[in-house]
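I opened a new model today and worked through it from the outside in. My notes follow in the order of the look-ups.

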Amino acid sequence: MMPRNNDEIFSLRTLAMDRDQARANLKRDTAAARIRLKPSNLMTEAKTKAANRVRKAGMSAVDGIRANPGLTATVAATATLIAMRKPIAKLIANRKMSEPDQTEE
């Protein structure tokens, strides 16, 4: 079937160009996907995203500490006391055992 007029020729030419462009886009996108989906590239991307999240969390924590230094000191002291409760209790118990009873004369 031959095109009858210039409009049909132009339409077929445009269709062919669109098809070629779509094919080129598909090849480009497929190649990019293959590269991106390589296990080594996925690992690198995951590491980068994780590092960025940690960096953001760290920056938020620093900003929070700067905004509330009193609260931060209280929380740090409380956490230290909780973490050190057994060694502190042992120290107090050993101290009481080593000291002789004091009697008033």
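**Surface.** I started with the accessible area. The protein exposes about 10,100 Å². Carbon and sulfur atoms supply 62% of that area. I then asked what share of the 105 residues counts as buried. The result is 0%.

**Confidence.** This is a predicted model, and I checked the scores before going further. The average pLDDT of the protein is 87. At least 70 is reached by 90% of the residues. Which element has the lowest mean pLDDT, and which the highest? H4 has the lowest, at 82, and H1 has the highest, at 93.

**Secondary structure.** I counted four helices and zero strands. Along the sequence the pattern reads α-α-α-α. Three of the helix ranges came up in my look-ups. H1 covers residues 6-36, H2 covers residues 39-67, and H4 covers residues 85-98.

**Nonpolar patch.** I looked for nonpolar side chains grouped on the surface. Leu-81, Met-84, Ile-88 and Ile-92 form such a patch. Together they have about 350 Å² of accessible area. I took Ile-88 for a closer look. Ile-88 sits in helix H4. Is Ile-88 buried, exposed or partly exposed? Its relative accessibility is 35%, so Ile-88 counts as partly exposed.

**Salt bridges.** My search of the whole structure found five. I went through them by residue.

Glu-45 was my starting point. Its side chain meets that of Arg-36 in a salt bridge, at 2.9 Å from N to O. Glu-45 also forms a salt bridge with Lys-49, at 3.3 Å from N to O. How many residues apart are Glu-45 and Lys-49 in helix H2? They are four residues apart, about one turn of the helix.

I checked the cover on these side chains next. Glu-45 has a relative accessible area of 23%, so it is partly exposed. Buried would need a value under 20%. Arg-36 is at 45% and counts as partly exposed too. Lys-49 has 43% and is likewise partly exposed.

Next I turned to Asp-29. Asp-29 forms a salt bridge with Arg-28. The closest N and O atoms of this pair are 3.2 Å apart. Why does Asp-29 count as partly exposed? Because its relative accessibility is 41%, and the exposed class starts only over 50%.

Which residues are linked in a network of salt bridges? I found Arg-19, Asp-20 and Arg-23 in it.

**A side chain to backbone contact.** My last look-up was Thr-14, which is found in helix H1. A polar atom of the Thr-14 side chain lies 2.9 Å from the backbone oxygen of Phe-10. Thr-14 is at 29% relative accessibility, so it counts as partly exposed.

**Recap.** For my own index, I note the main entries again. The model has four helices and zero strands, with 0% of its residues buried. Glu-45 has salt bridges to Arg-36 and to Lys-49. The nonpolar patch includes Ile-88, and the mean pLDDT of its helix, H4, is the lowest among the elements.

How values were computed: Residues are numbered from 1 along each chain as its sequence is written. This is a predicted model: local features need pLDDT of at least 70, side-chain atom pairs count only at pLDDT 80 or more; totals for chains, interfaces and linings use all residues. Side-chain values use heavy atoms; hydrogens and water are left out. A salt bridge is a side-chain nitrogen of Lys or Arg within 4 Å of a carboxyl oxygen of Asp or Glu. Buried means under 20% relative accessible area, exposed over 50%, partly exposed in between (1.4 Å probe, protein chains only). Helices (H or I, at least four residues) and strands (E, at least two) are DSSP runs, numbered from the N terminus. Accessible areas come from the Shrake-Rupley method with a 1.4 Å probe; for residues, only the protein chains shown count as cover. Patches are made of residues with over 30% relative accessible area and no salt bridge: like charges are joined within 9 Å, nonpolar side chains (Val, Leu, Ile, Met, Phe, Trp, Tyr) within 5 Å. A polar contact is a pair of N or O atoms within 3.5 Å; within protein, one must be able to donate a hydrogen and the other to accept it, and residues adjacent in sequence count only if both atoms are side-chain atoms. pLDDT is the predictor's confidence in each residue, from 0 to 100.
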